[in-house]
Amino acid sequence: MAHCSGKGLHMKGIKKIFMVATLSFSMLATSVAAQNIVGVQETAQAATIKLSRKTLNLKIGESATLKISGMRKTAKWSSGNKYVASVNKYGKVLAVGEGTTYVKAKIAKKTLSCKVTVTSSFNSNQVKKNISIEYQDSGHGVVAILKNNNKVTVDLDAKLVYYKNGKMLDSKSDCNRAFESGKECVLYFEAPSDSDYNDVSYDNYKMSLSVDEATNAVCDVRNIMVQSDIGADNVTVEATNDSGKDFSFVKISCVMYDASGNLIKYDYHYAECEKNGDTDYFSFSFPYDSNYDTIYPSSYKIYVDEAYTYTWLQ
């Protein structure tokens, strides 16, 4: 009897083990199935993430916004070459200079890209029409204050011809290699002079412009920070490069006026603040008359004419 009783207990134990194993296998299968479903869902979701454009063709100064579908997460945007096209955190692409680059959106482990091609819509005649000019004549030379109303940075050459009684006396030239959109600059043209370096009088003048697109210029005059004061017979200037860029040239000019608003002096200085974070100090001396007595200006204005380098120098 004891032997039979032991056999019954043994069979019950086997059945219990079998039931536990069956339950465990069932739970494992359910878990694997659930994981597979989640994996399929994630794969399907990843497959539906799309960029609104795979290619983008823009003219310099134009912009377009790229959008992402299939994902609510925030994307991290970047440009392969910010001098061709820049992109902000909302996916807005701005065409900066001629060339081709890729704008990318990174979402988690997935990266989407759009090929951006930027071309020029530069029309030299139209560009010249969009440059406003104010002439100021001291009688000893002419200052031209220009404003660039175009959307592009302009490489500009200017020539001014002086006349007397309809006869050409002399020609002078000046330039700006990185005349930025929306900014002002000063050009200066010395008066004609004889062999003894004395000014020759003139009664008329005419200026001509030659313009091109400054596609390789890296510039930022707005972040050359300038402070100035009337000093000891001069205008003293502090110039700091807060642009985050290193430049090859930083040109700053000063125009001085009398109480009637007439031009009495123009001068310029290449500031030694080409490197980001650098500060330079310099002075523009007051003009003087034929007896070498100082002429004190009633007002003056400082211009940051240029702050630039070239892409191949970076």
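Visitor: Which residue in β13 stands opposite Val154?
Guide: In this predicted model, Val154 faces Phe179 of β13.

Visitor: How many bridges do β12 and β13 share, and in what sense do they pair?
Guide: They pair over 10 bridges, in the antiparallel sense.

Visitor: What sheet is that part of, and in what order do the strands run?
Guide: An open sheet of 3 strands, ordered β13-β12-β15, with antiparallel pairing. The edge strands are β13 (167-179) and β15 (204-213), and each pairs on one side only.

Visitor: What's the twist?
Guide: On average 15° from one strand to the next.

Visitor: Switching to cores. How many residues are in the largest nonpolar one?
Guide: It has 41 residues. Val93, Leu146 and Leu156 make the most contacts inside it.

Visitor: Which strand gives this core its largest share?
Guide: Strand β12 (residues 154-164), with 5 residues.

Visitor: And a second core, what does that include?
Guide: That one is separate and has 18 residues. Among them are Ile224, Val235, Met256 and Phe286.

Visitor: Back to Leu146. What does it touch, leaving out residues up to four places away in sequence?
Guide: Its contacts include Ile131, Ile133, Leu156, Phe179, Leu187 and Leu209. Lys183, Glu184 and Cys185 are also touched by Leu146, and so is Ser132.

Visitor: Where does β11 pair with β14, and over how many bridges?
Guide: Strand β11 (residues 141-148) is joined to β14 by 7 bridges, and the two run antiparallel. One example: Ile145 has Val186 in β14 as its bridge partner.

Visitor: What's the strand order there?
Guide: β10-β11-β14, an open sheet of 3 strands with antiparallel pairing.

Visitor: Why is one side of β10 and of β14 left without a neighbour in the sheet?
Guide: β10 (131-137) and β14 (184-190) stand at the edges and have a single partner strand each, so one side of each lacks a neighbour in the sheet. The twist here averages 20° from one strand to the next.

Visitor: New topic: backbone. Which residue other than glycine has a phi near 60°?
Guide: Asp233, a positive value. Most residues other than glycine have a negative phi. Asp233 sits in the loop between β17 (224-230) and β18 (234-241).

Visitor: Why does Asp233 count as partly exposed?
Guide: Because its relative accessibility is 36%, and partly exposed runs from 20% to 50%.

Visitor: What about Tyr292, what's its phi?
Guide: About 65°, also positive, and Tyr292 is not a glycine. Tyr292 lies in the loop between β21 (279-285) and β22 (299-310).

Visitor: Is Tyr292 buried or exposed?
Guide: Exposed, with a relative accessible area of 63%.

Technical notes. Residues are numbered from 1 along each chain as its sequence is written. This is a predicted model: local features need pLDDT of at least 70, side-chain atom pairs count only at pLDDT 80 or more; totals for chains, interfaces and linings use all residues. Side-chain values use heavy atoms; hydrogens and water are left out. A nonpolar core is a set of buried Ala, Val, Leu, Ile, Met, Phe, Trp, Tyr and Cys residues joined through side-chain atoms within 4.5 Å. Buried means under 20% relative accessible area, exposed over 50%, partly exposed in between (1.4 Å probe, protein chains only). Helices (H or I, at least four residues) and strands (E, at least two) are DSSP runs, numbered from the N terminus. Contact means heavy atoms within 4.5 Å. Two strands pair if DSSP finds at least two bridges between them. Axes are lines fitted to C-alpha atoms, for helices over the stretch in contact, and angles run from 0 to 180 degrees between N-to-C directions.
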